Amino acid sequence: MAEAVLTIYPGRDGLPSPSPPCTKVFLALRYCGLPHRVVAPKGDPRRASPTRRLPALALGGEVLCDSVRILDRLEALETPRSWAPKEPRERARDRAWELFANEHLYWRGVYLRWVEPENAARTVRRVLPPFPAPLRALVGRLAVRTARRRARGQGIGLFSRERVRDDVLRALDTYEEALGEGPFLEERDRPGRADFAAAAHLPQFTYAGISPWAAERLRERPRLCAYVGRVYEACDLPAPDGLGLRSEQA
Ligand SMILES: N[C@@H](CCC(=O)N[C@@H](CS)C(=O)NCC(=O)O)C(=O)O
């Protein structure tokens, strides 16, 4: 099979990508060993994908969008290493956990980054490309407005900060309970799509100092941080910054 080409928002600040769905597909590709190349979008990122969202994976003459659909496809391929559990119910649970991250955690991350006002200012500084000064403020305001409009459309943008923070704490508890004795979710002995998704979404809490509250809540849970590091290690990648797992952060 021809080499797959993954287009993602490029990584910085110790993460493969600032976008959790992009990071998840990157982890899954690294783990399964399908030959691939990772590229950043050229020009307007939205042109790289028929749905105007990244990640997008070019594979066998097709461009696949949406990280869950991409993992569905990768799971069905013969790859050097497979993450898919053999037992159908286990496979279903693996995918359901992935959806928990994609649908629940993803939007709480959007809220933390774009809806909380102090965090939104930091997000604009860290995530947007370096536009020249006169444009910068305008692009920043537009990005915040767009993100907040989407958050309201989804529903979460209408929630109070306390409600969203309570959701985040419950999600972290849920992950700790599902990890049990580990090493991976549901005490599985190798990572699956549930783990790629968790390890892509959880580090957004510590990413680039954008949400100090969320970073503290995650760092208070060293078992969860070590788990995220284990998923990256299984994909031959260094642990993300900010989880207290690297010696320079000790
Ligand atoms: N559900 C999609 C979400 C993809 C998505 O929203 N990607 C964002 C980056 S995190 C994006 O491309 N945003 C660009 C835009 O909205 O213009 C997936 O899992 O792939």
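**Aromatic contacts, strand pairing and buried segments**

In the predicted model, Tyr175 has a relative accessibility of 0% and therefore counts as buried. The aromatic side chains are considered before the strands, the domains and the enclosed helices.

Six aromatic pairs are present in the structure. One of them joins Phe100 to Tyr175, with ring centres 5.5 Å apart and an angle of 65° between the planes. This pair is classed as edge-to-face, because plane angles over 60 degrees fall in that category. The two rings belong to distant parts of the chain, 75 residues apart: Phe100 is carried by helix α3 (residues 88–115), whereas Tyr175 is carried by helix α6 (residues 161–179). Phe100 is partly exposed, at a relative accessible area of 22%. An edge-to-face arrangement is also found for Tyr106 and Trp107, whose ring centres lie 5.5 Å apart with the planes at 90°. Tyr106 has a relative accessible area of 27% and is partly exposed. For Trp107 the value is 18%, and this residue is classed as buried because the limit is set at under 20%.

Tyr31, Trp83 and Phe196 together make up one aromatic cluster. The face of Tyr31 is in addition covered by Arg81, which lies 3.7 Å from the ring centre. A second arginine is placed over an aromatic ring elsewhere: the charged end of Arg163 sits above Phe159, at 3.9 Å from the centre of the ring.

Strand β3 (residues 56–59) takes part in two antiparallel pairings. With strand β1 (residues 4–7), β3 shares three bridges, and Leu6 is found opposite Leu57 of β3. With strand β4 (residues 62–65), four bridges are formed, again in the antiparallel sense. Within β4, Cys65 is the bridge partner of Ala56. The strands β3 and β4 constitute a hairpin in which two residues separate them, and Gly60 in the turn adopts a positive phi of about 55°.

The protein is divided into two domains, domain 1 (4–76) and domain 2 (89–249). Taken over C-alpha atoms, the domain centres are separated by 18 Å. The size of an interface is often expressed as the accessible area lost when the parts come together. Between domain 1 and domain 2 about 2,300 Å² is buried, of which 58% lies on carbon and sulfur atoms. Domain 1 contributes 21 residues to the contacts, and domain 2 contributes 31.

Helix α7 (193–201) is largely enclosed by the rest of the structure, since nine of its nine residues are buried. These buried residues include Phe196 and the charged residues Arg193 and Asp195, together with His201. Among the elements that cover the buried residues of α7 are α1 (20–32), α2 (67–76), α3, α6 and α9 (222–234). Helix α8 (212–219) has Trp213, Ala214, Ala215, Arg217 and Leu218 as its buried residues. The cover over the buried residues of α8 includes α3, α6 and α9.

The loop between α7 and α8 contains Ile210, which counts as buried at 1% relative accessibility. Beyond its neighbours within four places in sequence, Ile210 is in contact with Arg113, Asn119, Arg122, Thr123, Arg126 and Val127. The C-alpha atoms of Ile210 and Ala120 are 7.9 Å apart, although 90 residues separate the two in sequence. Asn119 is located in helix α4 (residues 117–127) and is likewise buried, at 3% relative accessibility. When neighbours within four places in sequence are set aside, the contacts of Asn119 are Leu112, Arg113, Ile210, Ser211 and Pro212. Asn119 and Gly209, also 90 residues apart in sequence, have a C-alpha to C-alpha distance of 8.8 Å. Arg113 thus appears among the contacts of Ile210 and among those of Asn119.

Conventions:
Residues numbered from 1 in each chain as written. Predicted model: local features only at pLDDT ≥ 70, side-chain atom pairs only at ≥ 80, totals over all residues. Heavy atoms only, no water. Phe/Tyr/Trp six-rings, centres within 6.5 Å; stacked < 30°, edge-to-face > 60°. Buried < 20%, exposed > 50% of the residue type's maximum accessible area, 1.4 Å probe, protein only. Lys NZ or Arg CZ within 6 Å of the ring centre and 35° of its normal. Pairing = 2+ DSSP bridges. Domains from an automatic or database assignment. Contact = heavy atoms within 4.5 Å. Buried area = accessible area lost by both parts, 1.4 Å probe.
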